[in-house]
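User: I would like to learn how to read the local features of a protein model, taking them one at a time. Could you take me through a few?

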Amino acid sequence: MSNLDLRPAPGVCGGTGRTGPVRDVQPGKQVPLGESTVVRRLLPNLGRRMVGAWCFVDHYGPDDIVAEPGMQVPPHPHMGLQTVTWLHQGEVLHRDSLGSLQTVRPRELGLMTSGRAIAHSEESPHGHGPFLHGAQLWVALPDAHRDTAPAFAHHTDLPVIEGGGLSATVLLGRLDGATSPGATYSPLVGADLTLAAGTDTRLPVDPDFEYAALTISGESEVDGVRLGPGALLYLGCGRGELPLRADSDSSLLLLGGEPFEERIVMWWNFVGRSHADIEEARSAWMSGSRFGEVTGYDGDRLAAPALPPGGLKPRGRER
């Protein structure tokens, strides 16, 4: 998924330090995506730029798209990150400049590693279902791997942890002894948690990871905080287990990882380490080099917005 903001603010991310256990609820921001989709942008926000290596989180739906085109994101570039497509309802057709053509369906992992450069498009396929509901997430690649070869993977068989009214699908990384087949480049976890009505349990977590929870549907209680759809609860580090409760059926995303200590610049659809990195990537996309071509999409590719005046500077984690 792309950041379609025509005036994207530079994201100054990364840095040092671990935050002890906290309960910080941060609301999302409504952002239009293409012609017919509005998303709730939960990361980055004014209070927090990253959770582990997770640097971008959009939650969308459930949207009734019976009479709508649904998701329509034209070809656009990525650099220095991984994109994670995760659906609860609907389908997304992925095309990329490697020649990949794949429909991603609910509870299937669509994982694209941009590495040094890739381009892709995303759209609701013809004859799509009535609803679209899911999340799009980005993972920043550490410096040692940010120029890795681009790749796309589609995983339909993901590990599931069950017990006490909880069902947890591990979409990326490792949780409670279960490991996703998706490729990772830093210690992290992403899990889809489904809580049945009446659940009151504790999920083992890594005290060295920082965590955040996003409610996808229903209402749940995470470490004593009631959380409804459309908000991100930042939890910090230092927990060995995470209390979870639900009075009715609900689901949420749990994101975590070791605090990302590198300083990065995130602008538009690029993650780099300097203004020069971003400027070079933008120039390459606009000139039609480096990122390749996405074939089969019915429409023009996205043009990159203008760079902001004054240059882009990497900084540490800031509020």
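Analyst: We will go through a cavity, a pocket, a pair of strands and some backbone features, bearing in mind throughout that this is a predicted model.

User: Let us begin inside the protein: how many cavities of 30 Å³ or more are there, and which residues line the largest cavity?

Analyst: A cavity is a space where a 1.4 Å probe fits but cannot get out. Here the count comes to 1 cavity of 30 Å³ or more, and the volume of the largest cavity is about 50 Å³. Its lining is made up of Thr-83, Thr-85, Val-92, His-94, Val-104, Gly-110, His-120, Glu-122, Gln-136 and Phe-152, with β7 (81–89), β8 (92–96) and β11 (118–123) each supplying at least two residues. Sorted by class, that lining has 3 nonpolar, 6 polar and 1 charged residues.

User: What volume does the second largest pocket have, and which residues are the closest to its centre?

Analyst: The second largest pocket has a volume of about 210 Å³. Of the 13 residues that line this pocket, Gln-72, Glu-123, Ser-124, Pro-125 and His-126 are the closest to its centre. By class, the lining of the second largest pocket divides into 4 nonpolar, 6 polar and 3 charged residues.

User: Turning to strands, how many residues of β4 are buried, and in what sense do β4 and β5 pair?

Analyst: In a regular strand, side chains alternate between the two faces of the sheet. Strand β4 (residues 37–43) is mostly covered, with 6 of its 7 residues buried. This strand pairs with β5 (residues 54–64) in the antiparallel sense over 4 bridges, and within that pairing Arg-40 stands opposite His-59 in β5.

User: Where are the cis peptide bonds that I should inspect around these strands?

Analyst: One of them runs from Leu-43 to Pro-44, with omega near 0°, and Pro-44 lies in the loop between β4 and β5. Another joins Gly-61 and Pro-62, where omega is about 0°, and Pro-62 is found in strand β5.

User: Asp-223 has a positive phi although it is not a glycine; is Asp-223 buried or exposed?

Analyst: Asp-223, whose phi is about 50°, sits in the loop between β20 (220–222) and β21 (225–227). Buried means under 20% relative accessible area, and Asp-223 counts as buried because its relative accessibility is 12%. Arg-290, also not a glycine, has a positive phi of about 75° and lies in the segment after α1 (275–287); at 38% relative accessibility, Arg-290 counts as partly exposed.

Notes. Residues numbered from 1 in each chain as written. Predicted model: local features only at pLDDT ≥ 70, side-chain atom pairs only at ≥ 80, totals over all residues. Heavy atoms only, no water. 1 Å grid on protein atoms, 1.4 Å probe; cavity = no way out; pocket = protein on both sides within 12 Å on 5 of 7 lines; lining within 4 Å. Points joined across faces, edges and corners; volume = space filled by probe spheres on them. Nonpolar A, V, L, I, M, F, W, Y, C, P; charged D, E, K, R; others polar. Buried < 20%, exposed > 50% of the residue type's maximum accessible area, 1.4 Å probe, protein only. Pairing = 2+ DSSP bridges.
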